[in-house]
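Subject: Handover of a structure and its findings

Dear colleague,

I am writing to hand over the structure below. Please look through it first; my findings come after it.

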Amino acid sequence: MTDALDVLLLRHLFADGRPFVCGASLASALGCSRREVNQRVEALGEVGYRIEARPHAGYRLVEAGDVLVADEVRARLEGNVFAQRLVVFRETRSTNDVVLREAERGAPHGFAVLAESQTAGRGRLGRAWMSAPACGLWFSVLFRPGGEGGWQTPQGLTMLAAVAVARAVDRQVARAVSIKWPNDLLFEGKKVCGILVEARVDGERRPYGVVGIGLNVNHRSTEFPEELRGRAVSLRMVDGVERRRADVLVSVFEELARLEREGMEAVASAWRERCETIGTLIQVQTADGVREGVMTGVTEEGHLMLRGASGAVEIVVAGTVLSLGGEG
Ligand code: BTN
């Protein structure tokens, strides 16, 4: 009941135009006292929501701090599968680990975990992922098997997540973000977001995927370790604007849900539009060595298509694009 009250309260407070919410009608909708409503408003004030209480009018959200509160995300995304089971940690080792563990225990599609900071955040190829508090969005989402037209491979899931984040970033920043195969979002060659998909099979041998997303939002350049400064960027470094991370998260969840509905054909075509290396000569590091050729596209499974010197197109399932070349 307490959660429901917060969700309802926050839903009204975040409604378009942010009108006053009448305390009496909230109390009757939730079957609690007006005093309890008032206590809730005060509690929200303590975590960072500045709420005006006006006699005879009710409550109004004046300003919200950069807080990550699951009830707010739920309140703003009624019916969104990723928002409904969101859990927010102050600190954890890796949100991917938490979701992988809960997936083993039967957590449903859409289960999501976000952490203010990670002590052992990880990236692809066993690399560490810097996840400092208050700077970015570090979260993981569970994808159970997709239906017809849905994701079939971990690489396809990576593609879906990349397009979702890119579209969410578009809503925030006037400059275009590009995608580098397989999992990086870049502003002028600098990485703003990384995606780590870890796939497993459940007890009934059905595949599921944990999509881990690390999005740099409010870092100043000095907040990145020195060795990353030339390669990493945050939204704030792109346009100087400090953002509420919850607003960005809400957009990502909206876009994830939209792309799930649209299906992989639409995902792949949106992905191709954002990829700057299509049509250029590239080198790809694979487990079997370096491949070179012109990138001609990606498949709906998220596999890279590379045309070699012989003219034949090779499908590369896993690897890393090493360098950008000239026009192909
Ligand atoms: C990469 O670019 O190598 C992928 C980085 C993925 C980082 C995210 S942060 C949330 C989730 N938890 C992790 O431990 N990693 C992913």
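The paragraphs below describe what was found. Please note that this is a predicted model.

**Helix α3**

Helix α3 covers residues 34-47, which makes 14 residues. At 1.5 Å a residue, these should span 20 Å, and the C-alpha atoms at the two ends are indeed 20 Å apart, so the expected and the computed values agree. The buried residues of α3 are V37, V41 and L44. Because they cover an arc of only 60° around the axis, they sit on the same side of α3. The general geometry of helices fits this pattern: an α-helix has 3.6 residues a turn, so residues three or four places apart point the same way. R35 and E46, on the other side of α3, are exposed. After the helix comes G48, which has a positive phi, near 130°.

**Nonpolar cores**

The largest nonpolar core holds 65 residues, and those touching the most other members are L185, F253 and W271. Helix α7 (residues 154-172) supplies the largest share of this core, with eleven residues. A second core, of 22 residues, lies apart from it; V7, V41, Y59 and V67 are among its members. V41 has thus appeared twice, as a buried residue of α3 and as a member of this second core.

To return to F253, its contacts beyond four places in sequence are V73, L77, N80, F82, A83, L86, A112, F139 and V141.

**The ligand**

Which residues come nearest to the ligand? Of the 21 residues around the ligand, these are S94, Q118, R122, R124 and K191. For S94, an N or O atom of the side chain is 2.7 Å from an oxygen atom of the ligand. In the side chain of T95, an N or O atom is 3.2 Å from a nitrogen atom of the ligand. The side chain of N183 likewise has an N or O atom 3.2 Å from a ligand atom, here an oxygen.

**Backbone features in the loops**

Some backbone features deserve attention against a general background: most residues other than glycine have a negative phi, and most peptide bonds are trans.

W181 and P182 are joined by a cis peptide bond, with omega about 0°. P182 is placed in the loop between β6 (178-180) and β7 (184-187).

H56 is not a glycine, yet its phi is positive, about 70°. The loop that contains H56 runs between β1 (49-54) and β2 (58-64). Is H56 buried or exposed? The relative accessible area of H56 is 89%, and H56 is therefore exposed.

R205, also not a glycine, has a positive phi of about 60°. R205 belongs to the loop between β8 (190-201) and β9 (207-216). With a relative accessible area of 68%, R205 is exposed.

**A buried loop residue**

T299 lies in the loop between β11 (289-298) and β12 (304-307). Its relative accessible area is 15%, and T299 is therefore buried. Leaving aside neighbours within four places in sequence, T299 is in contact with M159, A268, R272, M305 and I315.

With kind regards

Technical notes. Residues numbered from 1 in each chain as written. Predicted model: local features only at pLDDT ≥ 70, side-chain atom pairs only at ≥ 80, totals over all residues. Heavy atoms only, no water. Helix = DSSP H or I, 4+ residues; strand = E, 2+ residues; numbered from the N terminus. Expected span 1.5 Å × (residues − 1). Buried < 20%, exposed > 50% of the residue type's maximum accessible area, 1.4 Å probe, protein only. Arc of directions from axis to C-beta. Core = buried A, V, L, I, M, F, W, Y, C linked by side-chain atoms within 4.5 Å. Contact = heavy atoms within 4.5 Å. Near = heavy atom within 4 Å. Polar contact = N/O pair within 3.5 Å; in protein donor to acceptor, adjacent residues only side chain to side chain.
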